[in-house]
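The exercises below practise reading a structure step by step. Study the sequence and the model first, and then work through each task before turning to its solution.

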Amino acid sequence: MKKPRFDLWSIFWAILALLYFFIPLYGTLDFS
Amino acid sequence: MDKTLTSPAVPARKSVWRRLSESNWIGLVPFFAFIFFFLLLPSTNLLFKSFQDFNGNFTLSNYGVMQNPYVIKAYSVSLQVSVITSLVGGVFGFFVAYAITLGNTPKWMRNFLMTFSGLAANFGGVPLAFSYIATLGRTGFVTAILKSICYPDATGAQVCPFNPYDNGFNLYSMTGLVLAYTYFQFPLMVLTITPALEGLRKEWREASANLGANSWQYWQDVALPILTPSILGATLLLFGSAFGAYATAYALTGGSIYLITIVIAQQIRGDVLNNPYEGYALAVGMIVIMGVTILLYNALQRRTSRWLKS
C-alpha cells in the first residue's frame, strides 16, 4: 500500500500549534 | 366487516414502556439536578435581582445603566474581542484540526496535539495571563531575544530594530488580549471540529476527483457545505467562551481594556460607587446577547444543513 505523502501545509500548521502551546509555557518556566 | 388496527399486544407494550420510562427518568435526575442548581437557579436569581433595589423593592432603574456610554462601549469592546478571537481561533484551529486528521501527519503528532488541546482549552485565567507576560511582556523571554538581535548599520552603530514594543506592539492592549485568548480558543476549535473532519469520507474526495473536480472545487462544493453547521457551532462556542472571559483579561490588562465582564465585576465586587443590582442588570444584558447569538446560529444552521437532510 502506498504510504500517504506528508503534506507541508499540514506540517506548518502542526508546528505552529506546537510552538503556540509551548512557548508561553517555556516563558513561565524561564521566569520561575 | 370493518377491521380495525388494534393489536392485542398493545396493553403489554404499554406496561413495558411505563416500566422503562421510570428507570430512564431516575437516570436523568443527576443531570436535571445539575441543570437546576448550576444553570436555572443562578440565572433566575440574576434575573430577579436585576429588578430589585437596595431595599429589595421592584425597580426598572437598574436597566437605565444600559444608556451609559461607558457601558455601551464595554459591550461593544467585548463583542469585538469575542468576534475577533472566535474567528482567529476558529481559522487557526480548523487548519490545525485539518493537519492532524486529513493532513497525514504522524500518529504521535496527532495524539500529542489532541492531548495538549484538551489541556490548553482549559488553561485560562491568571496563569495564562502570567505566561504571556513572562513570554511577550516588556521583559519577557521572547521580547528579550528579539531585542538582542542587533547588527551594525552604515555608521557602525549597533541597531536593534526588532524590539516589538518599539514597533507598536503592546501585550497589554487588544492585540495582546487576542493573542492570549487564542491560546485557549484554537484548542477548543481543534477538539470540536476534529470529529466533523473525521466524518469526511475519503470516497467523497475520490468521487469528486473522478468527476474532474480540483481540490478547491471539492472544498467549495462538497466538504465545506458538510462542515458548515459544525464550524458554525464551534465558532459560537468560541464566541461564548471569549465573551464570558474575565480573569485573563483582568490579569493581563488590569482593567485598562473596558470589557463588560470587568464592568460587572467592578459593580459587584465594589469599586467606590458600586451597585451590584446594576451588575446583575448588565449580566442579564450579556445573557440577552448570547441568546440572540444562539438564535442567529439556529437560523444559520437550519439554512446550511438543509441539503444534508435532502
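**Exercise 1.** Find how the lining of the second largest pocket divides by class, and which helices supply it.

*Solution.* Begin with the classes: the lining of the second largest pocket has 9 nonpolar, 3 polar and no charged residues, where Ala, Val, Leu, Ile, Met, Phe, Trp, Tyr, Cys and Pro count as nonpolar, Asp, Glu, Lys and Arg as charged, and the others, Gly among them, as polar. Next, name some residues of this lining, including Leu79(B), Ser86(B), Thr235(B), Phe239(B), Thr293(B) and Tyr297(B). Then look at the helices (DSSP runs of H or I with at least four residues, whereas strands are runs of E with at least two, both numbered from the N terminus): H2, H8 (215-243) and H11 (276-304) of chain B each supply at least two lining residues.

The model is predicted, so local features need pLDDT of at least 70 and side-chain atom pairs count only at pLDDT 80 or more, while totals for chains, interfaces and linings use all residues. Residues are numbered from 1 along each chain as its sequence is written, chains are lettered from A and ligands numbered from 1 in the order in which they are written, and side-chain values use heavy atoms, with hydrogens and water left out.

**Exercise 2.** Decide whether Ala281(B) is buried or exposed, and list what it touches.

*Solution.* Ala281(B) is placed in helix H11 of chain B. Because its relative accessibility is 0%, Ala281(B) counts as buried (under 20% relative accessible area, with exposed over 50% and partly exposed in between, using a 1.4 Å probe and protein chains only). Setting aside neighbours within four places in sequence, Ala281(B) is in contact (heavy atoms within 4.5 Å) with Ser50(B), Asn62(B), Tyr63(B), Met66(B) and Tyr75(B).

**Exercise 3.** Do the same for Leu136(B): is this residue buried or exposed, and what does it touch?

*Solution.* Leu136(B) lies in helix H4 of chain B, and it counts as buried because its relative accessibility is 17%. Apart from neighbours within four places in sequence, its contacts are Val142(B), Thr143(B), Tyr165(B), Phe169(B), Leu171(B) and Leu179(B).

**Exercise 4.** Describe the largest nonpolar core and say which helix gives the largest share of it.

*Solution.* A nonpolar core is a set of buried Ala, Val, Leu, Ile, Met, Phe, Trp, Tyr and Cys residues joined through side-chain atoms within 4.5 Å. The largest one has 40 residues, and those with the most contacts inside it are Leu113(B), Tyr132(B), Tyr181(B) and Leu259(B). Among the elements that each supply at least two of its residues are helix H1 (8-31) of chain A and helix H2 (69-101) of chain B, while H6(B) gives the largest share, 7 residues. Finally, Tyr181(B) touches, among others, Val81(B), Thr85(B) and Leu259(B).

Methods:
On a 1 Å grid over the protein atoms alone, a cavity is a set of points where a 1.4 Å probe fits but cannot get out, and a pocket is an open set with protein on both sides within 12 Å along at least five of seven lines; lining residues have an atom within 4 Å of a point.
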